[in-house]
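Student: I have a structure open and would like to learn how to read it. Could we go through it together, one question at a time?

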Amino acid sequence: MNSIRAVLFDFDGTLTLPGSIDFAGIKKAIRCPGDVPILEFIEGLPSVADRRQAWLVLEQFEDHAARCSHPNEGAEELVRFLKQRHIRRGILTRNRRASVETALKNFAHVRLADFNVIITRDHVQRPKPDPEGVLLAARRLRVPAAALLMVGDYRYDIEAGQRAGAPTVFLESHLTTRRPDPPADFVVGTLGEVADIIDRFNRSRNKAHKDHK
Ligand SMILES: [Mg+2]
């Protein structure tokens with residue numbers, strides 16, 4: 001068994017307070033059906049002009065949301081905890097790097113440089129729920145996927161982690177409409193609980209290691 005050596009965060013609604021991105025508004029503006037994911041819908045539009053227009057609309061919504069984003073409860077403290085424990089940190093998002101940079105300006109302490117890797121939709125062929133981004137992050141963080149804890153507030157985050165072989169934490173909020181199925185390894189209501197999970201996980205692994213010796 002592995003101890004947790006890295007944490008990979010979803011960004012919007014996980015490190016930031018949920019609710020700043022208006023997914024329903026985006027879907028309405030680009031005429032994307034409610035049950036179809038936005039990125040995949042745009043990729044599937046038949047003409048270059050339609051795709052270009054839809055990307056522009058999406059980016060306008062994302063820019064606005066990033067400017068209005070705030071740190072999620074416990075996010076800054078958790079990043080500090082991970083740094084103190086020398087646990088590596090990554091972000092995996094279906095958003096763009098520009099949005100992450102803008103949103104992080106509203107954080108008091110956490111900076112872009114606090115993350116060892118930031119993987120956006122521009123870095124992968126297939127975004128979450130595909131495991132490609134999780135596996136890429138694990139390689140860049142130089143840890144096996146089984147030693148990387150995937151933390152996210154949407155079922156795609158959990159599915160991507162599970163398909164990559166990573167342990168997963170589902171962050172529930174008042175906006176959660178559907179829990180992941182199969183369920184995440186852990187379900188939390190605040191990011192502060194993630195520090196406890198890591199401590200428990202790593203303590204029991206250390207004990208097992210010692211017992212084995
Ligand atoms: Mg999210």
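Tutor: Gladly! Keep in mind that this is a predicted model. Let's start with the largest pocket: helices H1 (11-15), H2 (23-30), H3 (38-43), H4 (48-67) and H8 (155-164), along with strand S5 (168-171), each supply at least two residues of its lining.

Student: Which element gives the largest share of the lining of the largest pocket?

Tutor: The lining of the largest pocket counts 39 residues. Several helices and a strand supply at least two residues each. The largest share is 4 residues, and the element that gives them is H2.

Student: How much space lies in the largest pocket, and which class of residue is found 16 times in its lining?

Tutor: The space in the largest pocket comes to about 1100 Å³. Among its lining residues, 10 are polar and 13 are charged. The class with 16 residues is nonpolar.

Student: Which residues lie nearest the centre of the largest pocket?

Tutor: Five of the lining residues have that place. One of them, Asp153, also coordinates the magnesium ion through OD. The residues nearest the centre are Ile21, Phe23, Ile38, Asp153 and Tyr154.

Student: Which residues coordinate the magnesium ion, and at what distance?

Tutor: Asp10 and Asp153 each use OD, while Asp12 uses O. Along the sequence these donor residues follow the spacing D-x1-D-x140-D. So we have Asp10, Asp12 and Asp153, coordinating at 2.2 Å, well inside the 2.8 Å cut-off for donors.

Student: Are Asp10 and Asp12 buried or exposed?

Tutor: The cut-off to use here is that a buried residue has under 20% relative accessible area. Both Asp10 and Asp12 fall in that class, so the answer is buried.

Student: Which residues of strand S1 point the opposite way from Ala6 and Leu8?

Tutor: In a regular strand the side chains alternate between the two faces of the sheet. S1 covers residues 6-9, and Ala6 and Leu8 point one way from it. All of these residues are buried, and those pointing the other way are Val7 and Phe9.

Student: Which strands does S1 pair with, and in what sense?

Tutor: S1 is joined to S2 (residues 88-92) by 4 bridges, with Val7 opposite Arg89 and Phe9 partnered by Ile91. Another 4 bridges join S1 to S4 (residues 148-152), where Ala6 has Leu148 as its partner. The partners are S2 and S4, and the sense is parallel.

Student: How many residues of S2 are buried, and which residue of S3 stands opposite Ile91?

Tutor: S2 is mostly covered, with 4 of its 5 residues buried. S2 also pairs with S3 (residues 117-119) over 3 bridges, in the parallel sense. Opposite Ile91 in S3 stands Ile118.

Student: What is the volume of the largest cavity?

Tutor: Searching the whole structure gives 1 cavity of 30 Å³ or more. Its lining includes Leu92, Thr93 and Arg94, and by class the lining has 4 nonpolar, 3 polar and 5 charged residues. The volume of this cavity is about 50 Å³.

Student: Why is Glu193 classed as partly exposed?

Tutor: Glu193 is found in helix H9 (residues 192-212), and it touches Val187 and Val188, not counting residues up to four places away in sequence. Partly exposed lies between the buried limit of 20% and the exposed limit of 50%. Glu193 belongs there because its relative accessible area is 32%.

Technical notes: Residues numbered from 1 in each chain as written. Predicted model: local features only at pLDDT ≥ 70, side-chain atom pairs only at ≥ 80, totals over all residues. Heavy atoms only, no water. 1 Å grid on protein atoms, 1.4 Å probe; cavity = no way out; pocket = protein on both sides within 12 Å on 5 of 7 lines; lining within 4 Å. Points joined across faces, edges and corners; volume = space filled by probe spheres on them. Nonpolar A, V, L, I, M, F, W, Y, C, P; charged D, E, K, R; others polar. Donors = N, O, S within 2.8 Å, 3.2 Å for Na, K, Ca; no water. Buried < 20%, exposed > 50% of the residue type's maximum accessible area, 1.4 Å probe, protein only. Pairing = 2+ DSSP bridges. Contact = heavy atoms within 4.5 Å.
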